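Here are a few exercises to work through with the model open beside you. Try each task before reading its solution.

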Amino acid sequence: MKKLLIISGKGGTGKTTAAAAFIRFADAHAYADCDVDAPNLHLVAGQTGKPQTSDYFGSQKASIDPQACIGCGLCAKSCRFDAIRKNGNIYTVHEYACEGCGVCAYVCPRGAASLYDDIAGQVTLYPGERVFATAELKMGRGNSGKLVASVKSTLNSHAPQADLAIIDGSPGIGCPVIASMSGVDLALIVTEPSVSGISDLDRIVKTAAVFQTPTAVCVNKADISPEHTQSIRNYCLQNGVAFLGDIPYDPQVPIAVNDGKSIADFDCPATRALRKVYEKTIKLLEEVTV
Amino acid sequence: MKIAVLSGKGGTGKTFVSVNLAAVAANTAYIDCDAEEPNGYLFLKPEEEQTEIVYTTVPVFDAHTCDGCRKCVDFCHFNALAFVKGRPKVFPEICHACGGCTLVCPRGAVTEEKRAIGTVSQGVSNGIPIVTAALNLGEASAVPIIRAAVQKAGDNAVIDSSPGSGCPVTESVSGADYCLLVAEPTAFGLHNLRMVHELVTLLHKPYGVIVNKSNGIYQPLEDYCGKNRIPILLRIQYSKKIAKISAGGALAVNHSAEMRRLFEILWETTSQQVEQ
Amino acid sequence: MKIAIPMDENQKNVCVSFGRAPYFLFHDTDTNTAELLSNPAASATGGAGIQAAQFAVDNGANALITVRLGQNAADVLLAADIKVYKAAQGSAEENLASFSQGKLQALESFHPGFHGNV
């Protein structure tokens with residue numbers, strides 16, 4: 001199974017719109033949304049069938065038994081993450097800040113603090129002919145890297161025959177993006193022609209290089225600033241990154257999104273441009289896959 | 001007054017709102033907490049920048065004092081320690097710096113040393129203090145850097161947070177008096193607004209919405225805000241002209257009298273909301 | 001000698017992932033016996049490669065046959081003098097046969113760690 005990852009560096013450049021279009025062009029039978037902090041692909045990918053959800057357990061979290069707590073505060077003093085606060089006469093754990101390190105449980109003289117398995121989110125699978133895996137992380141939970149790995153392995157195990165998997169990735173350069181890069185054959189970066197877009201592009205290109213992931217770039221909403229689009233072309237040339245084309249700003253896109261449709265369901269400038277980028281992407285994918 | 005600007009979805013205009021708001025407000029710092037992809041400095045162009053390195057810690061094992069009991073390795077919840085040839089071995093980027101191994105060692109063989117993970121830069125532009133958090137490439141978590149940046153906020157600040165609703169956002173918002181939620185009037189924008197709305201509710205922060213890149217009324221967003229009694233403080237029309245100005249790294253309030261007026265009103269409205 | 005191989009769900013083929021392989025096969029060439037054990041690192045929230053490598057070390061492996069390996073896991077194995085060989089995709093049995101015929105190459109290129117997230 002060849003795996004194509006779509007990322008962006010800067011948010012809001014059009015990753016999910018591009019992913020939804022590619023899914024149509026490729027008639028993909030396996031696709032996933034790894035933007036577990038803010039998943040959106042399900043709104044436009046048009047999958048059918050009954051979804052199966054399963055709990056995702058992230059790292060453990062600590063809790064303090066209010067009956068056993070004597071209010072000595074040793075846990076709060078030892079916590080490096082500022083996750084334990086005084087609450088009247090006892091101490092309680094702030095679940096968003098807790099990283100599950102186990103130090104409070106170790107230092108507590110009464111065994112009042114202990115770790116429990118925390119449900120950090122859920123993985124949703126739409127099985128059938130077209131397999132779609134997506135996930136959502138609960139508020140303030142970390143470990144989105146492990147959840148991304150769960151989404152991908154769910155996809156692998158339910159669609160082993162698929163020859164192409166399209167993965168909608170996350171913005172940024174941290175945790176979830178790094179995890180989504182594992183084992184992909186090509187990362188397509190969708191960027192926008194602005195100083196912010198260019199600055200973020202550089203950071204994501206460098207991040208992908210650290211993880212030896214082959215990358216390619218396309219510019220969305222390119223006509224907003226032809227000068228910046230040209231800067232991006234130059235950047236790609238100078239840095240040996242494949243430049244696969246540009247897509248014009250198209251008012252049909254928000255209309256399609258709001259209608260829960262993939263832009264590829266419409267014949268418009270954005271779709272035509274996306275198709276050209278798609279064709280180049282597939283060609284590159286064949287070349288880089290070992 | 002510390003105002004945090006958030007958005008569930010990326011690209012809705014957090015930085016656009018933050019930098020322009022900081023430009024019209026008086027005596028207010030701009031704090032860029034999007035440590036993975038900081039952008040505010042492109043618009044505000046800080047000068048006289050001083051950069052501080054942000055450190056975390058990493059354990060060091062004294063091979064002579066260590067007797068190979070393996071308690072530290074067995075304790076580590078993050079798999080940052082391996083045990084090979086009778087001695088512990090640490091993997092710094094995996095380590096969460098919890099201090100656990102230092103505590104459990106029965107022989108005091110573990111000490112901690114600093115490890116750089118990012119930077120916080122401070123500069124000034126047109127009298128506006130500017131603080132920028134930046135994560136080193138390849139590092140997984142921006143949280144400690146955001147924490148360091150927020151500590152430099154002073155009493156009055158506009159905090160430009162990261163997109164989404166995960167750990168970095170929670171950290172960015174920690175000291176805020178009020179949260180501005182920038183929403184895009186699309187199905188994606190609404191879906192992600194729900195998530196960040198849930199977050200600020202859980203964190204007990206007062207908030208209001210700014211509808212950005214508006215092109216007529218997107219009813220589902222209006223209904224959501226109405227039903228949840230979320231005040232909509234401002235609607236900004238989509239404008240290719242403003243998009244192009246921002247694309248070039250310029251401040252909209254410096255190039256459009258209408259934008260300046262809108263942001264001055266936003267500052268007033270937000271201040272009133274905070275007072276309530 | 002003891003050879004470790006990360007195994008797929010089907011318990012027959014070599015798993016393409018090392019750190020999160022569901023099982024590890026430990027084959028003893030002296031006694032010609034094998035043990036299939038669940039990989040404790042499969043559900044790790046971070047540092048899966050390190051934990052899986054530790055598992056191999058703790059089970060007395062002298063060699064590892066794998067499709068790929070992260071730098072962190074490689075560091076653990078190298079420090080423990082465990083030799084790493086590149087697997088051909090397919091069954092563990094085929095790979096063990098190739099190994100005994102001296103046909104497997106040493107694995108020399110390791111991918112960077114995924115920073116506690118894979």
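**Exercise 1. Find how far apart the centres of the two domains of chain B are, then give their bounds.**

Solution. Start with the C-alpha atoms: the centres of domain 1 of chain B and domain 2 of chain B are 41 Å apart. Keep in mind that this model is predicted. Next, trace the bounds: domain 1 is built from 2–54 + 119–275, and domain 2 covers 63–108.

**Exercise 2. Locate the largest nonpolar core and work out which helix of chain B gives the most to it.**

Solution. Begin with the core itself, which has 149 residues. Among those with the most contacts inside it are Leu274(A), Ile31(B), Ile145(B) and Leu181(B). Now look for the helix: H7 of chain B, residues 187–202, gives the most to this core, with eight residues. To finish, search for another core: a second, separate one has 63 residues, including Ile64(A), Cys76(B), Ala61(C) and Val84(C).

Now take a closer look at Leu181(B). Setting aside neighbours within four places in sequence, its contacts include Leu6(B), Leu193(B), Val196(B), His197(B) and Tyr207(B).

**Exercise 3. Describe the side of chain B that touches chain A.**

Solution. First count the residues: 48 of chain B are in contact with 47 of chain A. Then look at the helices of chain B: H4 (100–104), H6 (167–173), H7 and H9 (240–247) each supply at least two residues of this side. H7(B) has the largest share, eight residues. Last, sort this side of chain B by class: 20 residues are nonpolar, 22 are polar and six are charged.

**Exercise 4. Check the span of helix H6 of chain A and list some of its buried residues.**

Solution. Helix H6 of chain A runs over residues 195–210, 16 residues in total. From its first C-alpha to its last it reaches 23 Å, close to the 22 Å expected at 1.5 Å a residue. Its buried residues include Ile198(A), Leu201(A), Ile204(A), Val205(A) and Ala208(A). When you read that list, recall that an α-helix has 3.6 residues a turn, so residues three or four places apart point the same way. Following H6(A) comes Gln212(A), with a positive phi near 55°.

**Exercise 5. Decide whether Lys86(A) counts as buried or exposed, and place it in the chain.**

Solution. Lys86(A) is part of strand E5 of chain A, residues 84–87. Lys86(A) has 11 C-beta neighbours inside 10 Å, and therefore counts as exposed. Beyond four places in sequence, Lys86(A) is in contact with Gly73(A), Ala76(A) and Tyr91(A). Finally, compare Gly46(A), 40 residues from Lys86(A) along the chain: their C-alpha atoms are separated by 48 Å.

How values were computed:
Residues numbered from 1 in each chain as written. Chains lettered and ligands numbered in written order. Predicted model: local features only at pLDDT ≥ 70, side-chain atom pairs only at ≥ 80, totals over all residues. Domains from an automatic or database assignment. Core = buried A, V, L, I, M, F, W, Y, C linked by C-beta atoms within 7 Å. Buried ≥ 20, exposed ≤ 12 C-beta atoms within 10 Å, placed from the backbone. Helix = DSSP H or I, 4+ residues; strand = E, 2+ residues; numbered from the N terminus. Contact = placed C-beta atoms within 7 Å. Expected span 1.5 Å × (residues − 1). Nonpolar A, V, L, I, M, F, W, Y, C, P; charged D, E, K, R; others polar.
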